Amino acid sequence: MNKKLFLLIVVLALSALVLVACGGSSDSGSEAQIADLQSQLEAAQAEAAEAKAMLEEAEAAAPADAAAPAEAVEFSGGGDTLAEVQGRGKLICANNGTLPGFGFVDEAGNFSGFDWDFCRAVAAAVFGDAEAVEGRPTTATERFPVLQSGEADVLIRNTTWTTSRDTSLGFDFAPTTFYDGQGMMVRKDSGITDLEGLEGGTVCVQAGTTTEKNLADVFRLLGINAESVVFPDNPSTTQAYDEGRCDGLTTDKSGLVAVQTQLTVPDDHIILDATMSKEPLGPLVRHGDNNWGDIVMWTVNCTIQAEELGITSENVDEFLGSDDPVVLNLLGVEGDLAQAMGLSNDFCVQVIKQVGNYAEIYNNNLGPDTPYNLPRGLNSLYTEGGLLYSPPFR
Ligand SMILES: N[C@@H](CCC(=O)N[C@@H](CS)C(=O)NCC(=O)O)C(=O)O
């Protein structure tokens, strides 16, 4: 993009010069033509200045992780996160503090949301106590350094699983907890009904996200010329859009639904049908501590497997007396699967009892009785046309 803008400036400057030179030779005596050429030159100079300003803005807002860093990341090594967490007596979970429904911290400092419940689930798995967890709210740009530096044990913050995050940034992803895609919100009275309607307009977007890069890629592919206006966090992005400083607001569709509830008049806005990308969101841990990665992974699988088997926070105790070996293995009544991870055999019972199975977590935070009422869609079990599927607890 930078190169393109430089090229644009150079082309505009050159064409201005060419106009003066060529125009002068074709009709050397005409004052009117000279005046015309002069005004064309001024217009070209103004365009060049605008292009330069756009370049400076783009450079200032360079996304933190849009591309993989050029230099190799030094991995944190194996480490023993489980021992650290157990020694500390609580889990530290990096989260989102400003996205209602997913990760939100209220004035009293209490966290809530779908992602937050997965933080609680990991605490329940490790300690048998879903409340043994401290939230660490992070913005999009600071979330990765917070996990890399060891300030948090796990990051569960509407974060998309991508190759560069999984490899060069030095993380490992647990199974996806929310299959999402990038969307676009516009004002109803704008008359915009599709992405092409944003031609010549502006789009508010948050720095340090996959969103920022997808927007540029999709619009380039579709040949749509729209200016992206980049903000550092969710509140400033939302406020700018709400104040009418952009024609569109783009982020994950789940984020749009949550953000819409924060606008002055939510009903004045619509989310377009278009889905601009794949955004599989889920927990991540530092690469190199495989056992800790396994713990987070099987905690997520536990919630999905419980839904597959119809085991809920309400009826889990009844299932302890089941004669189905699949149920007995999951709940640790038979076998000792969890011990290989350093957990107690009933870790999944604690997760289900204290936090719930996947459907309960989803419905409590995003379901029909919440302001979001998000259809399960891809986040349904594979038996119901969705993508959720737990490997066997064997
Ligand atoms: N899933 C995308 C986007 C995540 C993201 O940060 N979304 C924004 C907009 S919904 C957000 O959560 N902002 C909250 C904040 O930074 O406070 C990613 O992983 O990059």
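**View 1. The ligand and the residues around it.** In this predicted model, 19 residues surround the ligand, and those that come nearest are Ala140, Thr160, Thr209, Asn234 and Gly255. If you sort the shell by class, you will find 13 polar residues, three nonpolar ones and three charged ones. Several elements each supply at least two residues of this shell: strand S2 (98-99), helix H7 (210-222), strand S12 (248-252) and strand S14 (279-281).

**View 2. The ligand between two domains.** Here we step back to the domains. Domain 2 (81-179 + 281-384) gives residues to the shell around the ligand, and domain 3 (182-277) does too, so the ligand lies between them.

**View 3. The small-numbered strands S2, S3 and S4.** Strand S2, which supplies at least two residues to the ligand shell, also belongs to an open sheet of three strands with the order S2-S3-S4 and antiparallel pairing. S2 and strand S4 (111-112) are the edge strands, each pairing on one side only. Between S2 and strand S3 (residues 103-105) there are two bridges, in the antiparallel sense. Look for leucine 99, which stands opposite glycine 103 in S3.

**View 4. A five-stranded open sheet.** Follow the strands in the order S11-S10-S12-S9-S13; their pairing is mixed. At the edges stand strand S11 (227-231) and strand S13 (269-271); each has a single partner strand, so one side of each is left without a neighbour in the sheet. On average, and ignoring direction, neighbouring strands of this sheet are turned by 30° against each other. Strand S9 (residues 182-187) pairs with S12 over five bridges in the antiparallel sense. One residue pair to pick out is valine 186 with its bridge partner in S12, glycine 248.

**View 5. Helices H7 and H8 across the strands.** Helix H7, another contributor of at least two residues to the ligand shell, lies across S9, strand S10 (202-206), S11 and S12. Its direction is at about 150° to S10. Helix H8 (residues 234-242) lies across S10, S11 and S12, and runs at about 165° to S10. Asn234, one of the residues that come nearest to the ligand, falls within the range of H8 (residues 234-242).

**View 6. The crossing of helices H4 and H10.** The axes of helix H4 (residues 114-127) and helix H10 (residues 290-309) come within 10 Å and cross at roughly 110°, which means that H4 is roughly perpendicular to H10. On the H4 side, the contact is made by Phe118, Ala121, Val122, Ala125 and Val126. H10 answers with Ile295, Val296, Thr299, Val300 and Thr303. Taken together, the residues of this contact comprise eight nonpolar and two polar, with no charged residue.

Notes
Residues numbered from 1 in each chain as written. Predicted model: local features only at pLDDT ≥ 70, side-chain atom pairs only at ≥ 80, totals over all residues. Near = placed C-beta within 6 Å. Helix = DSSP H or I, 4+ residues; strand = E, 2+ residues; numbered from the N terminus. Nonpolar A, V, L, I, M, F, W, Y, C, P; charged D, E, K, R; others polar. Domains from an automatic or database assignment. Axes fitted to C-alpha atoms, helices over the stretch in contact; angles between N-to-C directions. Parallel < 35°, antiparallel > 145°, perpendicular 65-115°, else oblique. Contact = placed C-beta atoms within 7 Å. Pairing = 2+ DSSP bridges.
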